[in-house]
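User: I keep running into words like "buried" and "edge-to-face" and I'd like to see how they are earned. Can you walk me through this structure?

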Amino acid sequence: LQSNSCCIGPGFLEENTGPEEEAMIKIAGNSYLASLNLPDFHGCSPGWSSAFYGAECFDSEVHSYLKNLGNQKSSESQNIDAKKVELEQLLMMETKNYRKTMKFYQKLLQKERRSKGPETKSMLPKLRGQLQEMKSKVQFLELVKKYQMMYAEQWGVESCVLPTVIHNGKTDTMDMAPMDESSLLLYYNTEKHQCNNQNGVKVLQAGTPLGLMAYLYSRNAFLEGYVQQFLYTFRYFCTQEEFLQFLLDRISSTLSSASLDSSTSLTKICNRSFYILQAWIEDCYNVDFATNTGLLCTLKEFISSKVASLNGYGERLLSLLEDASARKSGSADQCSSMDKCEEEGEEGRKTLHSLCKKLSEDVSRKNFYWKLSKGVGPIAQYQRERLHTSSTALPKPCSLTEAKADAVGPYLLTEYSAQQLCWQLTLLQQEVFLKCHPVHFLNSRALGVKDKCVALQKAVSTETVSLKVCNLFLSKCIQDQYLLQLLRNADSISTWVAAEIVTCHTTKRQVSLLSKFLLIAKYCYEQRNFATAMQILAGLENLIVRQLPAWKILPAKVAEIMEELKAVEVFLKSDSLCLMEGDRFKTLPTIPSAHVLAMHVQQLETGGFTMTNGAHKWTKLRNIAKVVSQVHAFQENPYTYTPDFKLQSYLRQRITHFKDADISTLAADNCANFHQIPAEKHSRKIQDTLRRMKATFQ
């Protein structure tokens, strides 16, 4: 859908403004100051695709389709409402047809597997081709709908007006020195633009904190991806309080002066401020407002006292804050009661993305073909520094259910297939992954995350992490530390894998469990769950586990999976955007390795963020935003496996049971973990030693 043939240039709205766009601006301008109807509001967060693709997110085909939409007669121009209604109807109709065809395709596929009739076989390829076309059309209409919802671009200003944006927010305007654009922002020129064939187009290179915030008001800042990239990365050069105050100052200084004339700069600045604020709340509520009660109270107080009494936008923003708070608390309640749920509605899980996934899986079952690397290099091992006795190697069961899980031991793992275990481990991993945000992967050095097999030692708690070391955010900027929870969860799973293996009392059972974990990891990376695959690999590469005698009698085909996993690890570390190549990530669910992604971001964070004149390098910040945007991209397409709550509960208990275990102490109590010397050979060695000792004294 993202085409490189043509993109929307900076002068797009100005050069192509027709009767439809003029009517759109007029309607939006009048409705703003009069009374805004809440149902007419749409989400204005540009989304991950805007940060990832930038100006190429919406190509000329999207614009042309939207421009012709709603024109029933050649002499009749329709406003934005007509376009919206027709687009909603088309999207609903195409989605409905796609769902029906997909259900028919699945029934036909099941029939073909049972009877294998020739008619069914000939019909499946044709139906599959129709499904691909229908899926592409639905996705295109979704992109058009997203482009249509970019109402905020109507209130963009020219670059020469950006100093006015800063001037209007100043309270001491009499003493304020005049400033020009060159003192705020630094551009570089491209040779040629693809759309309007200009000889040179200005591209933002760097800017002061005030200049970068003012650039949010520039024309096409939403469509070019700047707004979303800014929301991901602004904490490197300003705090959340400073950014909020910047927006509130612009609203305060322009709200009373804004008129019904939508062409004035004050009206544009006022409207754009509201849209930027709404986009910030929609996209970053959990990482900025939910963790900072002072910031949230300041915003609510301002809206209630200065905005709500003048227009309906204040009520909309308050409602948006309440909805975001309810969603966050609702997701927490849902996670806490996950073990108690017995069923979920099948239809509720079959979203449009899941249907697309099923189709893609049928088209191509094999996801990756890895080239096995010989001699990947020394394996970094992690050894806990704490010394444990045999009695303290494991925590004691704290509940009856955990005691039962401990009594069952690893035997339940053998009752399930590797694919079943892969599915449930994937769902457990997805549960913690869906809670993370792209911002969580920024400034990870300040949290103590390092390039090691285990990024954070368990002995270091969240409270004791020093934020003064390598802190790239401003000192007063509040950082959510959810990344540490992700990494501790990964460490717990790796420890669980190693502990289950070393506690097996026979070599035969160890071989069986090694094979089971290797197959689980293989299924995981084939289903693009790279997080669990790398966690299992870390557990198998534990120094104690790697020295087990069971590896020598492991079947050759199973042992080859270990090399495959190492090749996958090298692949993931090779490129920060390797999982975003092609279109597979749009239809196939993906869970990246949190530690690998954090390391990629740390690599991009290496080096200075400012130029010699003090301006912040926007090109560097834009690249960081592009890499972390893939978190939201993967979260849009979740796995839809049927949960097995009994198995999930067992896995949770076993992982919790072993999370603080000392592998070396556990292995010391099990004779199967050591190479056994035959008794005759052992006695012969003793006799030879005695003879040599006697010879020395004679």
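Analyst: Sure, let's begin with rings. Rings of Phe, Tyr and Trp (its six-membered ring) pair if their centres lie within 6.5 Å. By that rule, this structure, which is a predicted model, holds 23 aromatic pairs.

User: What makes the pair of Y236 and F473 edge-to-face?

Analyst: Look at the angle of the planes. Planes over 60 degrees apart count as edge-to-face. The planes of Y236 and F473 stand at 80 degrees, so the pair gets that name. Their ring centres are 5.1 Å apart, and the cut-off for a pair is 6.5 Å.

User: Where do Y236 and F473 sit along the chain?

Analyst: Y236 is in the loop between α9 and α10, while F473 is in the loop between α18 and α19. They are 237 residues apart, so this pair links distant parts of the chain.

User: How do you know whether Y236 and F473 are buried or exposed?

Analyst: Buried means under 20% relative accessible area. Y236 has 5%, so Y236 is buried. F473 also comes out at 5%, so F473 counts as buried.

User: Why is the pair of W423 and Y641 called stacked?

Analyst: Here the planes are at 25 degrees, and anything under 30 degrees counts as stacked. The centres of the W423 and Y641 rings are 5.4 Å apart. W423 lies in helix α18 and Y641 in the loop between α27 and α28, so the pair ties together parts that are 218 residues apart in sequence.

User: What are W423 and Y641 called when it comes to accessible area?

Analyst: W423 has a relative accessible area of 30%, so W423 is partly exposed; that label covers values between 20% and 50%. Y641 is at 11% and therefore counts as buried.

User: Which residues form one aromatic cluster?

Analyst: Among them are Y187, Y215, Y226, F230, W280 and W618. Keep Y226, F230 and W618 in mind, because they turn up again where helix α9 meets helix α26.

User: Okay, what makes α9 roughly perpendicular to α26?

Analyst: The two helices pack at an angle of about 85 degrees, with their axes 9 Å apart. Angles from 65 to 115 degrees count as roughly perpendicular, so α9 and α26 earn the label. Y226, F230 and Y232 of α9 are among the contact residues, and α26 brings residues including W618, L621 and I624. By class, the contact has 8 nonpolar, 2 polar and 1 charged residues.

User: And why is α19 called roughly antiparallel to α20?

Analyst: Their axes come within 9 Å and cross at roughly 155 degrees. The cut-off is over 145 degrees, so α19 is roughly antiparallel to α20. The contact includes W496, V497 and I501 of α19 with L513, L514 and F517 of α20. It has 7 nonpolar, 1 polar and 1 charged residues.

User: How do you know that S273 is buried?

Analyst: S273 has 0% relative accessibility, so with a limit of 20% S273 counts as buried. S273 is found in helix α11. A polar atom of its side chain lies 2.7 Å from the backbone oxygen of I269. S273 also touches Y217, L247, R250 and I251, leaving aside residues up to four places away in sequence.

User: How many residues does the protein chain have, and what share is buried?

Analyst: There are 698 residues, and buried ones make up 51%. The chain has 30 helices and 3 strands.

Notes
Residues are numbered from 1 along each chain as its sequence is written. This is a predicted model: local features need pLDDT of at least 70, side-chain atom pairs count only at pLDDT 80 or more; totals for chains, interfaces and linings use all residues. Side-chain values use heavy atoms; hydrogens and water are left out. Axes are lines fitted to C-alpha atoms, for helices over the stretch in contact, and angles run from 0 to 180 degrees between N-to-C directions. Helices (H or I, at least four residues) and strands (E, at least two) are DSSP runs, numbered from the N terminus. Angles under 35 degrees count as roughly parallel, over 145 as roughly antiparallel, 65 to 115 as roughly perpendicular and the rest as oblique. Contact means heavy atoms within 4.5 Å. Ala, Val, Leu, Ile, Met, Phe, Trp, Tyr, Cys and Pro count as nonpolar, Asp, Glu, Lys and Arg as charged, and the others, Gly among them, as polar. Buried means under 20% relative accessible area, exposed over 50%, partly exposed in between (1.4 Å probe, protein chains only). A polar contact is a pair of N or O atoms within 3.5 Å; within protein, one must be able to donate a hydrogen and the other to accept it, and residues adjacent in sequence count only if both atoms are side-chain atoms.
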